[in-house]
Amino acid sequence: MIARSEIETAVAELGAPPYRARQVYRALTRGLAVDFEEMTVLPRALRASLAARLTASALAPVEHWRSPAGDTEKALFATRDGHGVEAVLLRYPRRATVCVSSQVGCAVGCPFCSSGRLGFTRQLSAEEMMDQVLYWARLLRAEGRRVTNVVFMGMGEPLLNTDETLRACSLLNDPEGFALAARALSISTVGVVPGIDRLRREAPQVNLAVSLHAATDDLRDRLVPLNRRFGLDVVFAACARHVRATRRKLFFEWVVLPGVNDGDEQVAAAASRLRRPLYHLNLIPFNEAGGGFRAPTRDEVESLRRRFVAAGVRCTVRRSPGGEIEAACGQLALRRLGR
Ligand code: SAH
Ligand code: SF4
């Protein structure tokens, strides 16, 4: 979508009254208008002059996949400067969750994740994150449904792009605009401590998930290279501050890598940190994404879950659907778009 300041500038330069800018913003975020032509609240001449200077969406849809079961869809978009960005729609009986990308690529470089493997290209703006959501919102509207949740769990590390991620949260939240409650939003981070601290202060209602994956610094240094900068002690101190201030459930994620992070010593080390009120651990079975790891069997995942529960941890398994269309966690890759 277009940044509000750009809308205001264009409206002013065209000599139209300022309330027109607000109408444009509402048409984009509430009316889900795909272009100016659809903004029938505006006079025809103003629509034409705005269309001549602005493009309503910052992202152009390129391709769309639907899983055989129909529960997961993925879209590839092109940014104006020719980068590929992917977003996923997860359909549940009573929910529809959009998983958005916050960066093109990712600088963290976790070896089990496709997004990390090719490195970092650039930050996405809040408007580019919004456009991913608006795309699915339009598609759902045609079926009489709505986006009920947005998770920042696509490509990229949202808390290495905190300004724009928080701005995207405010845009999604805006009662004048898209009006999705902050409690319906979730941010997943590998534990960027300054980002967690900002989230606590600036968006305490937004759900936080911390990608843990290992409970000893030596293993976590390998699985999540940012652990060398923000080690387990400082990450957990930030988590404690977060829970104390927000009184909200805090989620941890553990991608199950058999033979790597499912041993008893990891369970014991994790349990000693996770046996706290409001802490909840989600196991995510590894999805094929290269890097020399193997996907766990159902039994391996279940055995790990049982050992965590026996050690006193609230723990559930989160299956990430969409593997058939490479839309599952960790499978969003950096795509070069031929121009
Ligand atoms: N950068 C953030 C958010 C994006 S990834 C983060 O890492 O938290 C969202 C989740 O998918 C993370 O928990 C991540 O560890 C997990 N993930 C990455 N690659 C995966 C894979 N191949 N299989 C399963 N989960 C994966
Ligand atoms: Fe980046 Fe998250 Fe993938 Fe790690 S798991 S490389 S932080 S997107």
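## Ligand 1 and the nonpolar cores

In this predicted model, a polar backbone atom of N287 lies 2.8 Å from a nitrogen atom of ligand 1. Ligand 1, taken on its own, has 530 Å² of accessible area, and the protein covers 96% of it. The residues that surround this ligand number 20, and the closest are G156, S188, S211, H213 and N287. Polar atoms of F112 and S188 also lie close to atoms of the ligand, as the table sets out.

| Residue | Atom of the residue | Atom of ligand 1 | Distance |
|---|---|---|---|
| F112 | backbone N or O | nitrogen | 3.0 Å |
| S188 | polar side-chain atom | oxygen | 2.7 Å |
| N287 | polar backbone atom | nitrogen | 2.8 Å |

The report now turns to the nonpolar cores. The largest nonpolar core has 105 residues, and F178, F252 and F308 touch the most other members. Helix α5, which spans residues 126-141, gives the most to this core, with nine residues. Because both domain 1 (4-53) and domain 2 (59-325) give residues to the core, it lies between them.

Which residues are in contact with F178, when its neighbours within four places in sequence are left aside? They are T29, L32, M130, V133, L134, A137, V147, L171 and L172. Apart from the largest core lies another core, of eight residues, which include L90, C99, V151 and L332.

Definitions and conventions. Residues are numbered from 1 along each chain as its sequence is written. Chains are lettered from A and ligands numbered from 1 in the order in which they are written. This is a predicted model: local features need pLDDT of at least 70, side-chain atom pairs count only at pLDDT 80 or more; totals for chains, interfaces and linings use all residues. Side-chain values use heavy atoms; hydrogens and water are left out. A nonpolar core is a set of buried Ala, Val, Leu, Ile, Met, Phe, Trp, Tyr and Cys residues joined through side-chain atoms within 4.5 Å. Buried means under 20% relative accessible area, exposed over 50%, partly exposed in between (1.4 Å probe, protein chains only). Helices (H or I, at least four residues) and strands (E, at least two) are DSSP runs, numbered from the N terminus. Domain bounds come from an automatic or database domain assignment. Contact means heavy atoms within 4.5 Å. A residue is near a molecule or strand if one of its heavy atoms lies within 4 Å of it. A polar contact is a pair of N or O atoms within 3.5 Å; within protein, one must be able to donate a hydrogen and the other to accept it, and residues adjacent in sequence count only if both atoms are side-chain atoms. Accessible areas come from the Shrake-Rupley method with a 1.4 Å probe; for residues, only the protein chains shown count as cover.
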